[in-house]
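This report goes through selected side-chain pairs, helix contacts and surface features of one protein chain. The sequence and the structure come first.

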Amino acid sequence: MSRTSQFKNRMLSGEFLAGTFLKTPHYTIVEVLAQSKLDFLCLDAEHAPFDRSSLDQCMAVANALDFPILIRVAENTQREILQALDYGAVGIVTPHIDSAAKAADLARWARFGLNGRGFAGSTRWAGYATQEMSELLKKSKDETIVIAQIEEPQGVEDSNAIAATAGIDGLFVGPADLSVGYGKKDQNSQELKKAFLKVSKAAKNNQKTFMSFVPDAAKAKEWHAAFGLTMFFIASEHIWMRCGADNAA
């Protein structure tokens, strides 16, 4: 089985997974990091200058190398979600999901069905018209990952309902946005810690994967022990390039 096709099973099983946000919209960075021990990359189409062409190029290289790629879409819209999945992403990370209603829209737009993801057998994800509809429907069910980002206090309050939404596979706490939402100037508040615990409980009660951004492996270890996270988006290639340059200098 391929790395990409098995990624969802690995995630839902609670295996520790380490990836990073990719900020540079160029396929060469994907090619280099695919040689690393990372489990996945997440192309950041929300906060980095990815356009349709650069997303497509990065996904072409990732698929050729069988390296799991998530795409963080810019917003929770049917168009953004459809395009990300058609490029060949194994899943999507969607920002600002603060209600069960938004989670339901997200899950519907990422899955095939009435008023859901538009079906096309001609995309990269579909093998450019080389697979039967039945195969592709099974592939979507078995492999496609849908992650809801909890970034507002209201999302924390509704986290159990969000986690209970059919078609949502994981909850991602956004510590920076959530801290700002609580009116804080850092990420060390008691409100943030309580939020992590509440969302952790929601994820556990609904058998969903719990994940977050962390600056480094030490924070990943700390937050696994404190909150039960098992999937980590560690820093970004920007930070790693600068740190490597500083160390060399």
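## A buried aspartate and its partner

D39 has a relative accessibility of 16% and therefore counts as buried, since the buried class covers values under 20%. The model in which this value was computed is a predicted one. The side chain of D39 meets that of R10 in a salt bridge, with 2.9 Å from N to O. R10, at 23% relative accessibility, counts as partly exposed.

D39 sits in the loop between α2 (27–33) and β2 (40–44), while R10 belongs to helix α1 (residues 3–12), so this salt bridge ties together parts that are 29 residues apart in sequence.

## Other salt bridges

The whole structure holds 14 salt bridges. One of them joins the side chains of D56 and R124, again with an N to O distance of 2.9 Å. D56 is in helix α3 and R124 is in the loop between α5 (100–110) and α6, so the pair connects parts that lie 68 residues apart in sequence. R124 is buried, its relative accessible area being 14%, whereas D56 counts as partly exposed at 30% relative accessibility.

A salt bridge is also formed by K138 and D142, whose closest N and O atoms are 2.5 Å apart. Why are K138 and D142 separated by about one helical turn? Both are in helix α6, and they are four residues apart there, which means a separation of about one turn. K138 is exposed, with a relative accessible area of 53%, and D142 is partly exposed, with 33%. Elsewhere, K23, D44, E46 and R72 are joined into one network by salt bridges that share partners.

## Helix α3 against helix α4

Two packed helices are described by the angle between their axes and the distance between the axes. For helix α3 (residues 52–64) and helix α4 (residues 78–87), the axes come within 9 Å and cross at roughly 35 degrees.

On the α3 side the contact involves R52, L55, D56, M59 and N63, and on the α4 side R79, Q83 and Y87. By type, the residues of this contact are three nonpolar, two polar and three charged. D56 thus has a part in this helix contact and also in the salt bridge with R124.

## Helix α10 against helix α11

Helix α10 (residues 190–205) and helix α11 (residues 217–227) have axes that come within 10 Å and cross at roughly 65 degrees. Helix α10 contributes K193, F196, L197 and S200 to the contact, and helix α11 contributes W223, A226 and F227. How many of the residues in the contact of α10 with α11 are nonpolar, polar and charged? Five are nonpolar, one is polar and one is charged.

## A nonpolar surface patch

F119, M133 and L137 make up a nonpolar patch on the surface, and their accessible area together is about 270 Å². L137 is located in helix α6 (residues 133–143), the helix that also holds K138 and D142. With a relative accessibility of 37%, L137 counts as partly exposed.

## Positive phi angles

H96 is a residue other than glycine with a positive phi, near 60 degrees. H96 is in the loop between β4 (91–94) and α5, and it counts as partly exposed because its relative accessibility is 32%.

N115 is not a glycine either, yet its phi is positive, at about 65 degrees. N115 lies in the loop between α5 and α6. Is N115 buried or exposed? Its relative accessibility is 55%, so N115 counts as exposed, the exposed class being over 50%.

## V180 and E151

V180 is part of helix α9 (residues 175–181). At 58% relative accessibility, V180 counts as exposed. V180 and E151 are separated by 29 residues in sequence, and their C-alpha atoms are 9.2 Å apart in space.

Technical notes: Residues are numbered from 1 along each chain as its sequence is written. This is a predicted model: local features need pLDDT of at least 70, side-chain atom pairs count only at pLDDT 80 or more; totals for chains, interfaces and linings use all residues. Side-chain values use heavy atoms; hydrogens and water are left out. Patches are made of residues with over 30% relative accessible area and no salt bridge: like charges are joined within 9 Å, nonpolar side chains (Val, Leu, Ile, Met, Phe, Trp, Tyr) within 5 Å. Accessible areas come from the Shrake-Rupley method with a 1.4 Å probe; for residues, only the protein chains shown count as cover. A salt bridge is a side-chain nitrogen of Lys or Arg within 4 Å of a carboxyl oxygen of Asp or Glu. Helices (H or I, at least four residues) and strands (E, at least two) are DSSP runs, numbered from the N terminus. Buried means under 20% relative accessible area, exposed over 50%, partly exposed in between (1.4 Å probe, protein chains only). Axes are lines fitted to C-alpha atoms, for helices over the stretch in contact, and angles run from 0 to 180 degrees between N-to-C directions. Contact means heavy atoms within 4.5 Å. Ala, Val, Leu, Ile, Met, Phe, Trp, Tyr, Cys and Pro count as nonpolar, Asp, Glu, Lys and Arg as charged, and the others, Gly among them, as polar.
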